[in-house]
Amino acid sequence: MFISVLRLSRSDIQQIAVCNQGVFDAYTLHKTVYSLFPKENENTRSFLYADRGGDFNEKRILILSKNLPKEPEIGKVETQEVPSQFLQQECYGFEVLMNPVRCDSKTKKKIPIRGNDKDALKRWFLEKALANGFEVNPDSLSIGNTSVLQFHKDKQKVVLGKASFKGRLKVTDREKFINAFEKGLGKGKAYGLGLFQIVPLTNASL
């Protein structure tokens, strides 16, 4: 696996927007990141990304991928391989931006979890954690950025609820944990959600 940072200056963003009818939104960013990787097929995605914001001068996009990204036509990309021991630690600090939805047991429809219902979001994430091979210290878990991601795709408006989750975790099932890191968490991965950003913690405990 490779970890990359795509850096877009203010002039880069303006140039990309000009090519997209003057718009630089979540879907524009989606297309920009997707242009860095050869198309495999309609159902295969071998990379994840997250908009890390930036400063007055540039925007930074974090990318995790199975393959090396192409050199971008606009912007600069820096890449390094994920060390083999990176995913073999016991405890990590983490951050992930997700689309919180639950499945209705009767209708099987996806129901968004309201951003102002922090208790429901917390329960939802703790369940997701256990299903993905790690447990989270509830006292360390913080929830923020509860808003919506809105953009137009093929003249259709797309709205995705989002929430960021931060805290400390302990690995309980290595295989599931690695799978979560490599494939992401939850829905909306094609639009910058689900990238599981982790940092090993030395002598950490829950």
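**Close-up views of a predicted model**

At 21% relative accessibility, Glu58 counts as partly exposed. The cut-off explains the label: buried means under 20%, and exposed means over 50%. The structure shown is a predicted model. The views below start from Glu58 and its salt-bridge partner, Arg60.

**View 1. Glu58 and Arg60 form a salt bridge.**
The two side chains meet with N and O 3.2 Å apart. Arg60 is partly exposed, at 27% relative accessibility. Which residues share a network of salt bridges with this pair? Arg7 and Glu78 are linked with Glu58 and Arg60. By the rule used here, the model has six salt bridges.

**View 2. Arg7 and Glu78 join strand 1 to strand 4.**
The closest N and O atoms of this salt bridge are 3.2 Å apart. Arg7 lies in strand 1 and Glu78 in strand 4, so the pair ties together parts that are 71 residues apart in sequence. Arg7 is partly exposed, with a relative accessibility of 25%. Glu78 is also partly exposed, at 44%. The two strands are paired as well: six bridges join strand 1 (residues 2-9) to strand 4, and the strands run antiparallel. Within this pairing, Phe2 stands opposite Glu81.

**View 3. Four strands make an open sheet.**
The strand order is 2-3-1-4, and the pairing is antiparallel. Why do strand 2 and strand 4 each have one side without a neighbour in the sheet? Strand 2 (47-54) and strand 4 (76-81) stand at the edges, and each has a single partner strand, so one side is left without a neighbour. Neighbouring strands are turned by 20° against each other on average, direction ignored. In general, strands of a sheet pair through backbone hydrogen bonds.

**View 4. Helix 2 lies across the sheet strands.**
Helix 2 spans residues 26-34. The helix lies across strand 1, strand 2 and strand 3 (58-65). Its direction is at about 125° to strand 2.

**View 5. Helix 1 has a buried face.**
Which residues of helix 1 (residues 10-18) are buried? They are Asp12, Ile16 and Ala17. Seen down the helix axis, these residues fall within an arc of 135°, so they line one face of helix 1. As a general rule, an α-helix has 3.6 residues a turn, so residues three or four places apart point the same way. The buried residues of helix 1 pack against strand 1 and helix 2. On the face turned away from the buried side, Gln14 and Val18 are exposed.

**View 6. Strand 5 is largely enclosed.**
Six of the eight residues of strand 5 are buried, so the rest of the structure largely encloses this strand. Strand 5 pairs with strand 10 (residues 156-171) in the antiparallel sense, over eight bridges. Here Glu95 stands opposite Lys166. Strand 5 also pairs with strand 11 (residues 197-200), again antiparallel, over four bridges. In that pairing, Gly93 stands opposite Val199.

**View 7. Glu95 and Arg52 form a salt bridge.**
The distance from N to O is 3.3 Å. What does this pair tie together? Glu95 lies in strand 5 (residues 91-98) and Arg52 in strand 2, so the salt bridge links parts that are 43 residues apart in sequence. Glu95 is partly exposed, with a relative accessible area of 23%. Arg52 is partly exposed too, at 41%.

How values were computed
Residues numbered from 1 in each chain as written. Predicted model: local features only at pLDDT ≥ 70, side-chain atom pairs only at ≥ 80, totals over all residues. Heavy atoms only, no water. Pairing = 2+ DSSP bridges. Axes fitted to C-alpha atoms, helices over the stretch in contact; angles between N-to-C directions. Contact = heavy atoms within 4.5 Å. Salt bridge = Lys/Arg side-chain N within 4 Å of Asp/Glu carboxyl O. Buried < 20%, exposed > 50% of the residue type's maximum accessible area, 1.4 Å probe, protein only. Arc of directions from axis to C-beta.
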